[in-house]
Amino acid sequence: MSEPLIEMYNITFAYPGASRPVFEDFNFQLLPEQHIGLVGPNGCGKTTLLHLIMGLLKPQAGRIVIFGQEVSNERDFVAVRQKVGLLFQNADDQLFCPTVLEDVAFGPLNQGKAPAEAMQIARETMERLGLHGFEDRVTYKLSGGEKKLVSLATVLAMRPQLLLLDEPSTGLDEQTKHRLMHILMDLEIAYMIVSHESDFLSYTTHECLHVHGHCCKPE
Amino acid sequence: MSAIAEPFSEGASLAHRLDPRAKLVVAGIFAVQMAVAHTYVAALTGLVLSLICLALARLPLKKVLVRLLVVNSFICFLWVILPLTYPGEAVWRFGPLAASRQGLIFTGLITLKSNAIIIALIALVATVPVITIGQAMHNLRFPNKLCHLLLFTYRYLYVIEEEYHRLVQAMKIRGFRPGTNLHTYRSYANLAAMLLVLSYDRADRVFQAMRCRGFHGCFYSLRTFSWQRRDGIFVVASVLVLMILLFLEWRMPSFLARI
């Protein structure tokens with residue numbers, strides 16, 4: 001069997017000032033080509049799990065191994081972020097450049113691509129997501145659905161090997177939701193989706209896991 | 001969506017088509033020169049020059065006047081206070097109060113100078129979209145922090161305004177009606193504090209999202225500017241005009257004294 005993409009061993013994490021930890025002795029594995037849905041009540045730690053994987057939060061105890069490499073400090077996670085994409089819950093947090101093209105090209109530029117190449121990648125990614133003609137649109141003037149798709153483009157433009165999506169379908173109309181479903185189903189990389197919408201998950205994922213304090217269990 | 005409407009930024013006039021970098025630099029130098037001017041000749045010439053720029057920009061006159069009205073309402077306060085407090089020869093008395101000739105002259109000069117600067121900025125800077133101003137500043141090697149402060153402010157002012165309206169609506173639907181009482185002040189203080197906290201959290205999340213996309217403290221601009229012949233002509237003409245202004249300011253009084 002191939003090597004897991006993500007391994008988490010005995011993770012303990014508590015938010016400062018919280019009475020009890022979100023995760024205690026938590027173990028988790030994600031295998032290649034898996035499409036997983038993460039479900040659970042509010043506050044059970046779904047978003048926290050994604051942020052731990054990206055190194056935005058640091059566990060108080062435990063080991064995280066990503067792509068076979070143990071990651072612990074900021075430098076390790078900088079490398080992780082080149083290969084793992086995270087789509088934030090709120091698109092307004094993700095889109096900060098004045099124009100769509102600049103925002104989509106931001107990641108590739110950070111990866112050290114030349115401006116011309118970064119623009120090329122950005123255009124291709126947008127084309128793939130059906131966002132042709134959005135290049136010079138101003139990010140804050142987009143509709144909610146457009147913002148979500150552009151955010152996805154900004155993440156995919158970095159050509160990640162694994163995608164983490166935090167409630168991607170929330171607040172989208174049916175049409176945009178369907179578009180997003182098809183985009184996800186066509187992806188050839190592993191992904192995990194945090195969502196409360198079981199319909200959406202049943203189309204886009206193979207398996208839904210319930211997030212608990214110690215592990216993620218199939219429903 | 002009313003926070004930063006940019007009514008002047010779109011247009012096809014000569015002033016709109018000039019290179020934003022040239023306009024920014026010229027407007028900046030002109031503003032400094034006007035701010036330090038202390039003769040009526042220089043101030044009046046500056047006002048005429050800025051009016052010429054305004055004419056070239058062909059902006060909707062009504063909107064320009066409204067904007068000038070806002071600026072001049074502040075200057076009204078100066079007309080009330082300065083003549084009465086500036087020491088000098090009294091030309092008008094009202095009980096214990098006396099308006100001085102020097103005070104009136106000085107206030108007049110300030111009025112001319114501020115209007116000249118505002119009109120020039122409307123014609124040269126307001127005709128550039130805010131985004132382009134940021135990119136042009138970046139291109140002109142302004143400090144990175146300054147450029148990004150401008151761009152981020154512009155980007156998130158809308159979001160913060162939206163958050164503000166949401167909070168205000170939430171207050172209204174629960175029957176809040178502002179009045180002159182402690183409850184109102186306390187509610188507004190809570191509103192301001194909440195807005196601050198929300199913005200802080202927002203900034204945190206934006207930074208996280210940027211880090212997830214490999215941000216390491218360095219921005220890259222994709223915007224390229226193309227310098228046209230008309231930009232060269234504009235800059236050369238502006239330099240000449242600004243030098244004349246300099247001459248008027250420093251040489252004219254002694255020149256006039258000699259003849």
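Here is a short chat between a student and a tutor about the two-chain model shown above.

Student: What kind of model is this, and what pLDDT do local features need?
Tutor: Residues count from 1 along each chain as its sequence is written, while chains are lettered from A and ligands numbered from 1 in the order in which they are written. The model is predicted, side-chain atom pairs count only at pLDDT 80 or more, totals for chains, interfaces and linings use all residues, and local features need pLDDT of at least 70.

Student: How many helices and strands does chain B have?
Tutor: Helices (H or I, at least four residues) and strands (E, at least two) are DSSP runs, numbered from the N terminus. Along the sequence, chain B reads α-α-α-α-β-β-α-α-α-α-α-α. That fits its count of 10 helices and two strands.

Student: Is chain B more spread out than a compact globule or not, and what is its radius of gyration?
Tutor: The radius of gyration is taken over C-alpha atoms, and the globule rule is 2.2 Å times the number of residues to the power 0.38. For 259 residues that rule gives 18 Å, and chain B is well over this, so it is more spread out than a compact globule, with a radius of gyration of 24 Å.

Student: What radius of gyration does chain A have?
Tutor: Its C-alpha atoms fill a box of roughly 50 × 40 × 40 Å along the principal axes. A compact globule of 219 residues would come out near 17 Å, and chain A agrees at 17 Å.

Student: How far apart are the C-alpha centres of the two domains of chain B?
Tutor: The bounds come from an automatic or database domain assignment. Domain 1 covers 14-128 + 226-258 and domain 2 covers 142-212 of chain B. Their C-alpha centres lie 35 Å apart.

Student: What share of chain A is buried?
Tutor: A residue is buried if 20 or more other C-beta atoms (placed from the backbone) lie within 10 Å of its own, exposed if 12 or fewer, and partly exposed in between. In chain B, 24% of the 259 residues count as buried. For the 219 residues of chain A, the figure is 45%.

Student: Which helix gives the largest share of the side of chain B that touches chain A?
Tutor: Two residues are in contact if their C-beta atoms, placed from the backbone, lie within 7 Å. The contact takes 24 residues from chain A and 20 from chain B. Helices H7 (144-172) and H8 (182-212) of chain B each supply at least two residues of the chain B side. The largest share, eight residues, comes from H8(B).

Student: Which residue stands opposite B:Phe94?
Tutor: Strands pair if DSSP finds at least two bridges between them. E1 (residues 90-94) and E2 (residues 97-100) of chain B run antiparallel, joined by four bridges. In their hairpin, with two residues between the strands, B:Gly95 takes a positive phi near 60°. Opposite B:Phe94, in E2(B), stands B:Leu97.

Student: Which are the edge strands of the four-stranded open sheet in chain A?
Tutor: The sheet has the order E2-E1-E4-E5, with antiparallel pairing. Within chain A, E1 (residues 6-13) and E4 (residues 61-66) pair over five bridges. An edge strand pairs on one side only, and here those are E2 (23-30) and E5 (69-71) of chain A.

Student: At about what angle to E1(A) does helix H1 of chain A run?
Tutor: Axes are lines fitted to C-alpha atoms, for helices over the stretch in contact, and angles run from 0 to 180 degrees between N-to-C directions. H1 (residues 46-54) lies across E1 and E4 of chain A, and its angle to E1(A) is about 115°.
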